[in-house]
Amino acid sequence: MTAPTLILPERSHAIASDLRAALGVDKVKDDYSTITAYAVDASIYRMSPKAVVLVESEEDIAATVRYAVERGIPLTPRAAGTNLTGSAIGSGIILDVSRLNRVLELNCEERWARVQPGIVLAELNKRLARDGLLFGPDPSSGDMCKLGGMLANNSSGPHTLRYGSVKDNVAALRVCLQSGEWLDAKAYGLEDPSCRNLLKTHKQLRDLRSLLQDYAPLIAQKRPTVSKNSCGYNLFGLADGIARGCFDLPKLFVGSEGTLGLFSEATIKLVEKPRATLTALIHFHRLEDVGEAVPQLLEVLPSALEVMDANTLNLIGRAKHGIPADAAATLLVELDADGAGIDLRAQAERMTQICRRYRLTSDPVIAFDPEAREQLWKARKALYPTLYRFDPKKKPINFVDDVVVPADRISELIRYLEEFFGGQHVPVAIFGHIGNGNAHIIPLLDVNDQGDFQKMVQAYYEIHQTVLDRFGGSICGEHGDGRVRAEYVKTMFGPELYDLFVRVKQSFDPAGVLNPGIKISDRPFTDHIDYERLSKPCATCAKCNAVCPVYDVFQSEDMSSRGWFEIVTDKNYSYLNSKRVVEACLNCKSCRTACPAGVDVSQLILDRRAENPNKLAGVIFYFHAQTALFERFLKFLARYQSLWDRPLMRRLLDHLTKPLMRRLAETARLSPQLVLPRLAQRHLRDRYPELILQAGQTARSPVAYFHGCAANYFDDGVGDAVIAVLRKHGVEPDLPPQRCSGTPIETYGHRALAKDGARVNLASMAKYDKVVTGCASCTLMLKDYPTLFAGEPEQSAAQALAKRVTHISEFVAQSPVKPAMGSAHSTKCKVAYHSSCHLRAAGVTKEPRAILRGLPGVEYVEMPDADRCAGGAGTYLVKDFETSQRIVERKRRAVEQSGAEVVATSCPACMIQLRTGLQGAAEVKHVAQLIQEAYEAADRS
Ligand SMILES: Cc1cc2nc3c(=O)[nH]c(=O)nc-3n(C[C@H](O)[C@H](O)[C@H](O)COP(=O)(O)OP(=O)(O)OC[C@H]3O[C@@H](n4cnc5c(N)ncnc54)[C@H](O)[C@@H]3O)c2cc1C
Ligand code: SF4
Ligand code: SF4
C-alpha cells in the first residue's frame, strides 16, 4: 500500500495559523528554524514538516488529530526523535509530546505507574529509583529517548534478556484514535461487558476481532520463531490474548509507530531495582568461541549479554578502551542480585570458569561499583554515534541495523556478515544483544558516492533475504520498521499476512493521515535519504539534547543542541532567519562534553555569532579592555553599592536600563531579583601587591595564579581563598599581568577582541610551569586557546599553555604537600557539589568531589543532576534572566532533595546563579573556600 496522496493547503502557513487559532500561539511553530530542526530524527532521512505542535494536553492532541483528518494532512507523532528509521519526521504536522512528561501516578506495592509519553527514560528511572523500582526495557538511547517513542517502537535493549521488550511491560494505554475519540487500550476479558461495549462503539475493534478469528491459522503460521520481533503489527500478541480469553489491545498499539493512534499516557509495569549488579568485559580470541560460550553463559542467568565484533573494536579504538589487539570479539555481561543472599562474586566466578574453557586474550574485567560499570558500558552505549568519528566521508548508515537470528547462530551470522562486507570492501561494525540473537549491523559508507550507494542497496536486499531464508530470523528486533524497513515487511511475512496489516491500518486510519510512509508502504527505502546531512559530522543521535539546558526548559527541537546543529549548518541559514535560536545558546559546552561524535555545537554557534558581533557588547568589552579606566569605574560602583543595590533602586535601574539592555538581546535586563556579588573596593591585585608581577619582570615563582575578572573585582573571598590554599601548599604564586580570558567576549561574537586579550595572556603566562585557575570558565578558555588560534602562529604557544593550566582542585589533588585539615563546623555539615559546565568540559570532575569527600566535618552528598547546567553561563542570567531562572529551578529541586546545607562550585557565574536561584535554601561557596576553611580550622585547633 502506497502512502495516500494527501491534499495540502496551498499556502502551507495556513496550517500553522489554523492550529494557532485552535490551540494557542505558544504551542504551534512554523518558522524556518523550527521546520529545519524538525526535519530530522536519528535516521538517514530528511522531511520538512509544514508545522510543529507542542501539545500540552489530551485536548491539544485530539484537536490536532481532528484537524489533520479533516484537512487530509499527514500527522506524525514525535517524542525525542531518536528513532533510527525515519518514523518521527513527516511532510505535514509534527505532533511533539515532549511537554507531556509527568509521572501521573505511582503504585509501589503493585509496581505500576501511569506515565505521560514525553518523559525521558533516564528521568523516569531516576524518579522510580527513589522507591527502589525500575522500568525494565532499556534502549541504549535511554538518556535521551522518551516513553512515547519507546511504546510506539516496542523498544528494548541490553536488558531485554531479563525484562523483555516494551510490549511485555505495558498494562494499558490512552490512545487518541483517528476520530479524535479516546480509547482505554488494556487487556479486556472477551466476555466482559466492557469488552462488548467497546466492540459496539468502535468498528475498527470489531474488524480487528473478526480478522483475528478468521485468520488465526495464517497468523499462527507466520509467527516469527526468533526471540524478538518488532516488524509489522503484533497480531501474534493479540492472537495469544484471544487464546487466553482476552482482547489484549496494548499488543496492537505497542510497536505501531504512530500509524494507528496517538498515546497520551501509559500504565507501565515496574520491576524491583536490583540490589547489586556486576558488569564484566570478556575478550575472546576466536569469534566461533563466542557462539559456543553464549548458551553456557545464559545458564548463569545474565541480565544482559552484549557482543562487539573485531571490526567494531577497531573502529571505536581498542587502545582508547583498553581492548587487547588480538581480541576477535568482546562480550559484555551483566549479572544482577535481587534478593538477599545472592552472591554475585560466586556467580562471577562461575561465569569466569565458563569463559576460561575458551581462549581469552586477557582476564575478564569485572566491575561492581556504579562508576566503573558505567565506564564499561560507555563505549557500547555510544557506539553508533562514536562511529561518526571514523572518517569524514564514510558514515555509519542504518539500513540493515536490526536483524534477529537464533541466539546460538549469532557467530555464524557475524562470520557471514564479515565475509559479505569484506567482499564489498566496506568497513562494518557488528554489535548487539547476543543473548537474544539481535545484531546491529552498521556499515560505513559514503552514500554520496555512486559505488557506495549501490553497495548499500545490494546489502539491504541480500542481507535481509539471507536473514529470512538461511537463519529463519526477523529483519527487525527493536528499532521499528519506519521508512527503512517498510518496503520489506511484505517479504518478511508474505502477501497474505501483509494484506491483514494493510486492513488493520485502513480500518484504524481510513484517511491515511497517521504517519504515512511508515511501516505500511511500498516506497523504496532510498526515498528521502538526507544526502547532504550524511556528509556532515553529526549523527543526529540527540545525546546532546539530553544535557542541553535550553532544551530541558523549552522541550522543543528548535531550542536544542541537535536542532541548532541542523540550523547553523543548513544551506539556507542566515543570521536573520535564525537569530532567535542562535542567541539562545548558553555556550555552556555541555553538548560538547556529551557528544560521542566529537561535534562541538556551541563552537559552531559561536562561529555564527562571530559573523554578527553584538554592537553594544563590543562597546562594553572595549571599555573593559581599558583596564585602568574600567577598574576606576568598578571601584566607583563598589563604593556606592550599598546605595544602588537596594530593592527599590534595583527596580528603578531595571526600568531605566531596559532600552539599553535590549540592544544586548531582546530578553536582556538587569532583574532586581538577581543577587549581585559585592564589588570590591580594593581589587585582589591591590590586596596582594607582594605577588604582582609587572610586564617584562622575570617570574619569581614557578606558579602563576590566573585569577580572571571575577576573583579580582568581586569581594567574595574566592581569590583570597585560592592564594591562601596555594600558600598552605608552600607556593607563593605570581600574579602576572592578565586580561579577561575571553569567554564572555567570544560569547557575544567579538572573537578578534577575545584574541587580543588571549595574546596578552599567552605572553604573560608563558614563563610558568603551572598556571593555576579558580574560575571554571577561565580554566576552559585557557585550555581552549589552541582552538581560538587554530591554524594561526599563536597555536603552538596556546597548546603549550593549555597543558600547564591547572584548576585549584587539581593542584590540591596533585600536590605532594598535605597540610593538616580540621573541621570548620561544630556539627557535620552536608555539602553537595555543583559541577560547573566549563570545568566539566575542561575534564575536571573527580578532583573537586574527592577533595570535598575528604574534608573533616563534611558529609559529602552527591546531589541529583550535579552535572547539569545551572543556567548562569557567564552573563546569560543578564541576557535572558527568565530562561536562566527556569533552568536553575531543576537545580534548586536537586539541592533540596539532597538536603545539602552548602553547595560547593567553581564558577563565579554559577555562584551568582545559585545564590539567586536557591533563594537561601543552601549556602554557596567556592571549593577553594571550603579547603581554606579546613586548613584554617586545623591552625586554630
Ligand atoms: C545511539 C542510539 C542508540 C539506540 N539504542 C537503542 C536500543 O538499544 N534499543 C532500541 O530499541 N532502540 C534504540 N535506539 C532507537 C531509539 O532510541 C528508540 O527506538 C527509542 O525508543 C525512540 O524513542 P524516541 O522518544 O526518540 O521516539 P521518536 O523517535 O520520537 O519516535 C519513535 C516512534 O514513536 C512514535 N511516537 C512517539 N510518540 C508517540 C505517541 N505519543 N503516540 C504514538 N506514537 C508516538 C513516532 O511517531 C515514531 O514512529 C537507539 C537510537 C540511538 C540514536
Ligand atoms: S552533536 Fe553529537 S551528541 Fe548532538 S546529535 Fe550530533 S552527534 Fe549526537
Ligand atoms: S552550549 Fe549548552 S546551551 Fe548551547 S547548545 Fe550546547 S548544551 Fe545547549
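In the predicted model, helix α8 comprises the 12 residues 203-214, for which a rise of 1.5 Å a residue gives an expected span of 16 Å, and the separation of 16 Å between its end C-alpha atoms agrees with that expectation. Within α8, the residues Gln204, Leu205, Leu208, Arg209, Leu211 and Leu212 are buried. Viewed down the helix axis, these buried residues of α8 fall within an arc of 165 degrees and therefore line one face of the helix. Such an arrangement can be read against the general geometry of the α-helix, in which there are 3.6 residues a turn, so that residues three or four places apart point the same way. On the face of α8 that is turned away from the buried side, the exposed residues Gln213 and Asp214 are found.

Backbone conformation was also examined in two loops. Most residues other than glycine have a negative phi. Leu301, although not a glycine, has a positive phi of about 55 degrees, and is located in the loop that lies between α12 (287-298) and β14 (304-309). The relative accessibility of Leu301 is 66%, and because exposure is assigned over 50%, Leu301 counts as exposed.

A positive phi of about 55 degrees is likewise found at His425, which is not a glycine, and this residue is placed in the loop between α17 (410-424) and β19 (428-433). With a relative accessible area of 69%, His425 is exposed.

Note on methods. Residues are numbered from 1 along each chain as its sequence is written. Chains are lettered from A and ligands numbered from 1 in the order in which they are written. This is a predicted model: local features need pLDDT of at least 70, side-chain atom pairs count only at pLDDT 80 or more; totals for chains, interfaces and linings use all residues. Side-chain values use heavy atoms; hydrogens and water are left out. Helices (H or I, at least four residues) and strands (E, at least two) are DSSP runs, numbered from the N terminus. The expected span of a helix is 1.5 Å times one less than its number of residues. Buried means under 20% relative accessible area, exposed over 50%, partly exposed in between (1.4 Å probe, protein chains only). The arc is that of the directions from the helix axis to the C-beta atoms.
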